[in-house]
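Open the structure in your viewer and keep the selection panel at hand. The tour goes from two annotated residues to one helix.

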Amino acid sequence: MSRIAATFSQLQAQGRKALIPFVTAGFPYADVTPELMHAMVAGGADVIELGVPFSDPSADGPVIQKAGDKALAFGIGLAQVLDMVRVFRAQNQTTPVVLMGYANPVERYNQKHASGANDSAFVQDASAAGVDGVLIVDYPPEECEEFAAELKAHNMDLIFLLAPTSTDERMAQVARIASGYVYYVSLKGVTGSGALDTAAVEAMLPRIRQFVNVPVGVGFGIRDAATAQAIGKVADAVVIGSKIIQLIDNQPRDQVACTAQNFLRGVRNALDS
């Protein structure tokens with residue numbers, strides 16, 4: 001059983017929903033991410049989504065684009081992100097870490113680090129670093145069954161996005177190879193855009209569950225304890241990204257971790273109430 005599956009199994013036994021914060025690696029300071037990850041766990045995070053900075057993030061809105069640009073300016077690439085996971089994992093062996101990003105950095109990493117039979121350098125190095133899951137936004141399910149098998153061989157999960165526009169056919173494709181959890185994008189558009197329509201999410205989840213037998217997390221548009229609580233009543237997990245990025249942006253270095261921890265503690269309390 002993967003670390004993600006074990007976490008969701010434990011939460012289900014406790015009657016609790018997963019809290020999944022997203023932060024961009026290397027933001028707002030190049031060296032703050034491992035400390036920030038520990039603080040988010042202390043605030044109640046069950047799984048951490050760590051964004052891999054990329055120059056052309058098609059699914060991300062202005063807030064996360066800006067965070068990615070700042071991290072890139074610090075020289076943060078996929079190799080540095082894996083180093084951050086290693087540092088985090090040295091003190092935390094239980095909280096799952098999911099890398100969220102795009103195909104280009106992964107493929108460039110493989111080109112740079114592959115040698116001979118070692119043609120899946122990313123999968124091997126991510127596993128060694130302590131990564132538990134991967135969400136590659138622009139990897140369609142019909143083209144990555146081999147990638148999913150490589151991840152599974154290293155006890156890592158491949159996580160997919162579903163959206164309000166996803167067809168039954170696409171849901172069935174995702175269901176065949178998805179593991180860990182599925183990330184349902186609660187609205188049309190990019191991260192941080194639009195207002196959350198809780199009723200629409202509630203109406204969509206039964207349809208998704210007709211096809212998908214892994215937990216369903218909901219993100220995009222969850223900005224506070226109240227919206228998290230509303231989504232937590234119908235989903236298995238809530239994902240919060242842009243709001244955390246906004247809160248820690250421009251914070252002094254020594255205030256970043258506690259700012260995120262305090263925010264998540266309020267969300268955690270609302271989810272558990």
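Is Glu49 buried or exposed? Select Glu49 in this predicted model. Its relative accessibility is 0%, and buried means under 20%, so Glu49 counts as buried.

Now show the strand around this residue: Glu49 belongs to β2, which covers residues 48-51. Next, display what touches Glu49, leaving out neighbours within four places in sequence. The contacts are Ile20, Pro21, Phe22, Val23, Val98, Met100, Tyr181, Tyr183 and Val239.

Add Asp60 to the selection. An unreviewed UniProt entry annotates Glu49 and Asp60 as "active site". Of this set, Asp60 is part of the lining of the second largest cavity. Asp60 sits in the loop between β2 and α3 (62-73). With a relative accessible area of 9%, Asp60 is also under the 20% limit and is therefore buried.

Move on to helix α4, residues 78-89. What length should its 12 residues span? At 1.5 Å a residue the expected span is 16 Å, and the C-alpha atoms at the two ends are 16 Å apart, so the two values agree.

Colour the buried residues of α4: Leu78, Val81, Leu82, Met84, Val85, Phe88 and Arg89. Then look down the helix axis. The buried residues of α4 fall within an arc of 155 degrees, so they line one face of the helix.

Last, show what covers that face. The elements over the buried residues of α4 include α1 (3-14), α2 (33-43), α5 (103-113) and α6 (121-129), along with the strands β2 and β3 (97-101). Strand β2 is the one that holds Glu49.

How values were computed: Residues numbered from 1 in each chain as written. Predicted model: local features only at pLDDT ≥ 70, side-chain atom pairs only at ≥ 80, totals over all residues. Heavy atoms only, no water. UniProt positions renumbered as here; feature names shortened; annotations may be inferred. 1 Å grid on protein atoms, 1.4 Å probe; cavity = no way out; pocket = protein on both sides within 12 Å on 5 of 7 lines; lining within 4 Å. Helix = DSSP H or I, 4+ residues; strand = E, 2+ residues; numbered from the N terminus. Buried < 20%, exposed > 50% of the residue type's maximum accessible area, 1.4 Å probe, protein only. Contact = heavy atoms within 4.5 Å. Expected span 1.5 Å × (residues − 1). Arc of directions from axis to C-beta.
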